[in-house]
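I opened this notebook to record what I looked up in the structure. The entries follow the order of my reading.

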Amino acid sequence: MNDLKQVNKSKKRVDAKAKVTGKAKFGADLKFANMLYGKVVRTKYPYAKIKNVDISKAEAYPGVEVVMTAKDIPNNTFGVIIQNQRVLAEDEAIYIGDGIVMLAAESKEAAEEAAKLVEIEYEELKGIHDPLESRKPDAQLVMEGTDSNQVVHHPLRKGDVETGFAEADLILEREYSTHYIEHAYLEPEAVTVVPNERQTLVSVYGSVQNPYATRDAVARVLEADLSQVRIIQDNMGGSFGGKDENISSMAARAAVMALETDRPVQMVNSREESIIESYKRHPYNLKYKVGATKEGKLTAMEIEAVADSGAYACQTPFVTWRSVVQATGPYEVPNVKTDTYGFYTNNPYTGAMRGYGSPPTCFAQESLMDELAEELGMKPDQLREKNMYRQGSHTASNQKLDNHTVSLQEVLDKAKESINYDKKYEEYSKEQTGEKKRGIGLAISYRGVSLGAEAIDTTGGIVAVQKDGSIILYCGLAENGQGLRTVFSQVVGEELGVNLDRITYMEADTSVAPESGSTVASRSTFMGGNALKKAAKNVKETMIEFAKEEYGVEGEIIFKDNALYTDSGKKIEDFSKVASDAFHSGVFLSSYGWYKAPKISWDEETGQGRPYFTYVYGCQIAEVEVDTGTGQVKVLNMAAAHDVGKAINPANVRGQIYGGVVMAVGHALMEDLGFSDGFINHTNFDEYLIPTAKDIPDIDAIIVENPDPAGPYGAKSIGEPTVELGGAAINNAIALATGERHYDLPLNLERVLIGRDLSREG
Amino acid sequence: MAKVKVEFKVNNREVQVEVDPTERLLDTLRERLNLTGVKEGCAVGECGACTVLFDGEAINSCLIPTVQAEGKEVLTIEGLGTEDELDPLQQSFIDYQAVQCGFCTPGMILSAKALLNKNSSPTREDIKGAIDGNLCRCTGYEQIIQAVQNAADGEVEA
């Protein structure tokens, strides 16, 4: 472990050259012979009866091959958890992105023109657009076949909150809200389905985040065997959790039309279509009540978090589950009562987005801790130090944190030192003159690695050494841009002592790689790394056995620098020669690796157990300048310290931190769908503003490494923890600068200047 | 609509196309010339994924009708550098991990190229200004800025 050659090095990305030369093909770049272009006609209203659909003019338009509605679809529903998402709406549209008619034509232009000729007669209905209305017992029902709009409720009970609040010297009760966030991956959704290709009924190519989830959906819709549906994912232009159910829906539509016409069908969304139809991050309404002694010890927390699920269940049950686990933040609280809920509404449906249930709770709970510190007359970091998890602490779920390093103190100290927190806090706490005022604010978090008790957590991989010594890797986890091709190649390269230029990580192909679960929950490095490491170890053992016999060597054999060596450092043979000799001796040099995550447990009634097998810890500190004349907030500096266990590729880890921090800046300050009564008004980047290069702070990305016993080379997670802290850190910094606290996102000009958003009630 | 004949240079090669007057340069490049390194991200000139150099200036090819390309020189990512010798910017994006999903990368590199063509020693603010019209959701821009800076400073591995 001391002499790592591939791992813990900032190796260049294995896919970078193809991407800087324009050779990398993305979903919309693919072309197939005889291909048709698909298009969807969506509802005009967020909630409406569909009284009549007339497709005759569209069918007659030159170049149109097929026009279809819900009744043409073998099985119209799918879903990862609850199968209630419809491929196309039939009797009623229940959110503004619902598709009603799909068609395919010889050209994009013909498809677009024909779509305009579809005539749909609606009866517009009054929908429910507020989850707090939707939860009322007498509310009208959003989803057919249900007796309540509640999608899910996760309770957590620890100790007795009444006793805890009675022990408190100070009790604060605050309400917070967070808003919709669009993933805003730069590549709009794109899929091509080829029917009857090779041995399968359909092959699906395109920007698929989770090949197995999309396979499940397409197979279900077509009523086909999983073995007959093949998903091939290659380059994908960003996802951040966002190319799952909406891509499954698109793939299912294209598949139905491809089989109907027996021709490949390509579907590509415009940006407007993408923003209108795709699922978002859940908006939350959060109520927090916290009690503390005057010395600053937390005695109790009572939390209610209500998430807007929109029109479909999608991933709401699991998203709100992560919220219930992390709702108290990383603090020892003896008495906790938490309830998280999701409710259906006639709003855009909500699902996985980087952070997955933690950005809303983190925003609320870390803003609250800051206010509590202020009320107690303590420094924000001191209150946190008094209560935060340490080695052996028990979480709100009563899980003892003793199987990994609890490093909150370390991440806090490193972030504070980097940004010179103590000095700046003191300076900005004093009266500031002039319109521009500065502030500094921090937030800390703990986060469960991988799926946790949400679902079975397994991943498989294949390492196949070829007879020339080059290596092919297969795994069902998909490159989303995060860099897993490179990271997996590094892990296998390290095990087998082979340089990355001899290793090829194949695209995710569901008919070749073992089902590996989804590329979600910041689990890929941990799960896929472990699976491929196991496979590589198996191959290595086979090669050692072969080498001992073939070359008559004894003792330990060391794999490094593309060769095998004796323990005394004498070279035995090149790796490629050993591979060739082994092959020609009839030795099998490939192996599966199957990794099942460590044991976890969860009691649905009490929220007690071991929800995750390990955790990561992070601290981010924001320094801001607020123009009190305009309300404009500029984030000047950000220190972001994250314990990743072990950085397989430090440059990649820094890239994740920079990207996550900037995404959080966007969420905190500017991103806004212009949502009203079920309609999305900001449907492109001229109105839905995401940070540009000019909006970014100077960021110190600080990698903290406390290897995890179960991680490959000790590695854990980095993707999502980076995005959950910024909202609270920036909010706390603004409060120090202006003396005004805020409870709702985004912190746009109006909120910061006059305390409310003029375009909304809040 | 009557087709219009347009002659221009793409990646140093003469091309001749017959297009509708409304056809976007983006579509001509992607669909007719198969230069799919030019990406479509928003179609309203906000994201910069379709950036190409147009007589050396970085422009959004989704906003330019192909007829305007008459007599012009267009450079796409496919025309930058060669297989054996990448442009220093391309190499720098590889060296400094400025690539994640890669969808914004071609446009980002070309906007940076337009900057370096005019200003060989840009400041950090100059670089931010040059790529301000190119959105990236993955990288937070930091490693891109570093890559452009290092390319300008000649700190690129061969």
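Entry on the chain contact. I looked up where the chains meet and found 43 residues of chain A in contact with 40 residues of chain B (contact: C-beta atoms, placed from the backbone, within 7 Å). The model is predicted, and local features need pLDDT of at least 70, side-chain atom pairs count only at pLDDT 80 or more, and totals for chains, interfaces and linings use all residues. Residues are numbered from 1 along each chain as its sequence is written, while chains are lettered from A and ligands numbered from 1 in the order in which they are written.

On the side of chain A that touches chain B, I noted helix 1 (16–20) and helix 17 of chain A, each supplying at least two residues (helices are DSSP runs of H or I, at least four residues, numbered from the N terminus). Helix 17 of chain A gives the most to this side, with 7 residues. I then sorted the side of chain A that touches chain B by residue class and obtained 17 nonpolar, 16 polar and 10 charged (Ala, Val, Leu, Ile, Met, Phe, Trp, Tyr, Cys and Pro count as nonpolar, Asp, Glu, Lys and Arg as charged, and the others, Gly among them, as polar).

Entry on the core. The largest nonpolar core has 299 residues, of which Leu103(A), Val204(A) and Ala255(A) touch the most other members (core: buried Ala, Val, Leu, Ile, Met, Phe, Trp, Tyr and Cys residues joined through C-beta atoms within 7 Å; buried: 20 or more other C-beta atoms within 10 Å of the residue's own). Helix 17 (residues 650–669) of chain A provides the largest share of this core, 10 residues. I followed Ala255(A) further: leaving out residues up to four places away in sequence, Ala255(A) touches Val193(A), Val202(A), Val204(A), Val218(A), Val221(A) and Leu222(A).

Entry on the domains. For chain A the assignment gives domain 1 (16–21 + 458–596), domain 2 (31–126 + 189–268) and domain 3 (284–452 + 603–754); the bounds come from an automatic or database domain assignment. Taken over C-alpha atoms, the centres of domain 1 and domain 3 of chain A are separated by 37 Å. Their contact takes 16 residues from domain 1 and 17 residues from domain 3 of chain A.

Entry on Ser92(B). I located Ser92(B) in helix 2 (residues 88–95) of chain B. Ser92(B) counts as buried because 27 C-beta neighbours lie inside 10 Å. Neighbours within four places in sequence aside, Ser92(B) is in contact with Ala147(B), Asn150(B), Ala151(B) and Val156(B).

Definitions and conventions
Two residues are in contact if their C-beta atoms, placed from the backbone, lie within 7 Å. A residue is buried if 20 or more other C-beta atoms lie within 10 Å of its own, exposed if 12 or fewer, and partly exposed in between; C-beta atoms are placed from the backbone.
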